[in-house]
Amino acid sequence: MKSEERRKGMEKKGFKAINIFCRSESGVSTAVAAALLIGIAVIFMTTVQINYMPVWKEDAEYAHMADVWHDMSRFKSNVDIMTAGLEINPNARIVLNSPIQVGGSEVPFIRSTTTGGSLSINNDISGMSVVINTDNASTEFDSGTHLYYTGTVAYRPANLHYVDETYCYENGALIVSQNNRSVMKLDPGIVLEKGTGSVNLSVRAVTLDGQRGVLSSNTVEDIRLTSEAFFPLFDLTGLESYYNITSVNVTVYTENNEAWEDYFRDSASEINLQEGTDYSLENDNYTVNLLLHPAGEKLYVTVYKSIIEIETGLQ
C-alpha cells in the first residue's frame, strides 16, 4: 500500500516537473521570438535609413527644386506681362501675385522632415549702364543712375542630397548658377536684331522697387507685383536722319558673368556679327561689357525702363 502511494507520489512529482519544464520552454520561446522581432525591426530601420532615406530625401529635394523653378519662371513671366502692359498703357495699374515654394516637400513616412531654403529680395548684385555715342553731341546718351540698381529675386536651397542650384532673376533674365558656373535659362529684354543694312539693339530694362532682405522658410512665400511706371530713356525713332549712332556700350552688373557673356556672344552670333570687328566683349569682376560697333551697317538703339513694385513678407 505504501509502495503504491509512493509510486503515485513520484508520478505526480514527475508530471509537475514536466509541466514546469514545458511552461519554462514556452516562456523562452516567447522571449526569443520577441528578440528576433526586435532584431528584424532594427535591421529594417537601419536598411531604410542607410539605403532608402537618402534616396527619398534626394527625390523630395528634386521635386521641390522643380516646383521652385516653375514658380521662378512664372515670376519672370509675370514681370514680362506687366512690362508689356505698361508699354501699351503707361498709366495702367497692374497687380499680380507670384507665390514661391520656398520649402515644403516632405520625405515619405517622415512628414516632419521637409525641404527648405531662402528667398532674397534686392540683395544681390544687379544693374546696367547704357552709353550711346553718336556723331551729334546733342543726341548722345548715358543712362547714369537710371539703371544703377535694377533689383533681384534669388532662391537658394538648403539641400543635403540634391545639387544646390541658385535661381536668380536679375536684369530681366532668369539664371541658374551652380559651383561658380551659370547659364541663362530665360532671356532678358536686351535684344539684338538684324535689319536691312542695320543692326537694331533694344534694351527694355526692368527695375524692381522694393525692400531689401532675405526670407528663410519651408513654406510658400507670396510676392506681390504692382506696376509703377514706364518711360523711354532713349528713343529717337523718326529722327535718324539727324544723327548716326557710332557705338553703344552696354554694361551689366552681375555675379553671373558667364551667363551674360554667353548670352551676348550668342545673340551677336545669331545675326552674323563678328567679334573684334563688329563688337567686343569684356568680362571683369561683377561686370560684363558689350561694346557694339557694327562695321558697314547702321546702328539703331532704343532704351526703355519699367518700374515694378515688389512686396513680400519683409514688409
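Guide: Buried, for a residue, means under 20% relative accessible area, exposed means over 50%, and partly exposed is in between. Keep that handy as we look around, and remember that this is a predicted model.

Visitor: Is Phe264 buried or exposed?
Guide: Take the cut-off for buried, which is under 20% relative accessible area. Phe264 has a relative accessible area of 2%, so Phe264 is buried.

Visitor: Which aromatic pair does Phe264 form, and is that pair stacked, edge-to-face or tilted?
Guide: A ring pair is described by the distance of the centres and the angle of the planes. Phe264 pairs with Trp260, with 5.9 Å centre to centre and 45° between the planes. Planes under 30 degrees apart would be stacked and over 60 edge-to-face. The pair of Trp260 and Phe264 is therefore neither of those, given the cut-offs, and it counts as tilted.

Visitor: How many residues apart are Trp260 and Phe264, and in which helix do they lie?
Guide: An α-helix has 3.6 residues a turn, so residues three or four places apart point the same way. Trp260 is buried too, at 0% relative accessibility. Trp260 and Phe264 are four residues apart, about one turn, and both lie in helix α2.

Visitor: Which residues do ring pairs link into a cluster?
Guide: We've already met two of the residues, Trp260 and Phe264, which pair with each other. Tyr263 belongs in the group as well, and in α2 Tyr263 is among the buried residues. Ring pairs link the cluster made of Trp260, Tyr263 and Phe264.

Visitor: How far apart are the end C-alpha atoms of α2?
Guide: Start with what you'd expect: α2 has 14 residues, and at 1.5 Å a residue it should span 20 Å. The model agrees with that, because the end C-alpha atoms of α2 are apart by 20 Å.

Visitor: Which residues join Arg265 in one salt-bridge network?
Guide: Begin with the salt bridge between Arg265 and Glu261, where the closest N and O atoms are 3.4 Å apart. Being four residues apart in helix α2, these two are separated by about one helical turn. Salt bridges that share partners also bring in another residue, so Arg265 is networked with Glu261 and Glu275.

Visitor: Which residue in strand β10 does Glu258 of helix α2 pair with?
Guide: The two side chains meet in a salt bridge of 2.6 Å, N to O. The pair ties together parts that are 77 residues apart in sequence, because Glu258 lies in helix α2 and its partner in strand β10. Glu258 is partly exposed at 22%, while the partner counts as exposed at 52%. That partner is Arg181.

Visitor: How many residues apart are Trp69 and Tyr167?
Guide: Trp69 and Tyr167 form an edge-to-face aromatic pair, 5.3 Å centre to centre and with 70° between the planes. Trp69 sits in helix α1 and Tyr167 in strand β8, so the pair's link between distant parts of the chain is easy to place. Trp69 is partly exposed at 25%, whereas Tyr167 is buried at 5%. Along the chain, they are apart by 98 residues.

Visitor: What is the volume of the largest cavity?
Guide: Rolling a probe the size of a water molecule over the atoms shows where empty space is left. Here the count comes to one cavity of 30 Å³ or more. Its lining includes Tyr263 and Phe264, and by class the lining residues are seven nonpolar, one polar and no charged. The volume is about 40 Å³.

Visitor: Which element gives the most to the lining of the largest pocket?
Guide: The largest pocket holds about 280 Å³ of space, and its lining has two nonpolar, eight polar and six charged residues. At least two residues each come from β8, β9, β10 and α2. With three residues, the element that gives the most is β8.

Visitor: Which element supplies the largest share of the lining of the second largest pocket?
Guide: The second largest pocket has a volume of about 200 Å³. Its lining residues include Ala259, Asp262 and Tyr263, and β10, β11 and α2 each supply at least two. The largest share is six residues, and it comes from α2.

Technical notes
Residues are numbered from 1 along each chain as its sequence is written. This is a predicted model: local features need pLDDT of at least 70, side-chain atom pairs count only at pLDDT 80 or more; totals for chains, interfaces and linings use all residues. Side-chain values use heavy atoms; hydrogens and water are left out. Rings of Phe, Tyr and Trp (its six-membered ring) pair if their centres lie within 6.5 Å; planes under 30 degrees apart count as stacked, over 60 as edge-to-face and the rest as tilted. Buried means under 20% relative accessible area, exposed over 50%, partly exposed in between (1.4 Å probe, protein chains only). On a 1 Å grid over the protein atoms alone, a cavity is a set of points where a 1.4 Å probe fits but cannot get out, and a pocket is an open set with protein on both sides within 12 Å along at least five of seven lines; lining residues have an atom within 4 Å of a point. Grid points are joined across faces, edges and corners, and a volume is the space filled by probe spheres set on the points. Ala, Val, Leu, Ile, Met, Phe, Trp, Tyr, Cys and Pro count as nonpolar, Asp, Glu, Lys and Arg as charged, and the others, Gly among them, as polar. A salt bridge is a side-chain nitrogen of Lys or Arg within 4 Å of a carboxyl oxygen of Asp or Glu. The expected span of a helix is 1.5 Å times one less than its number of residues.
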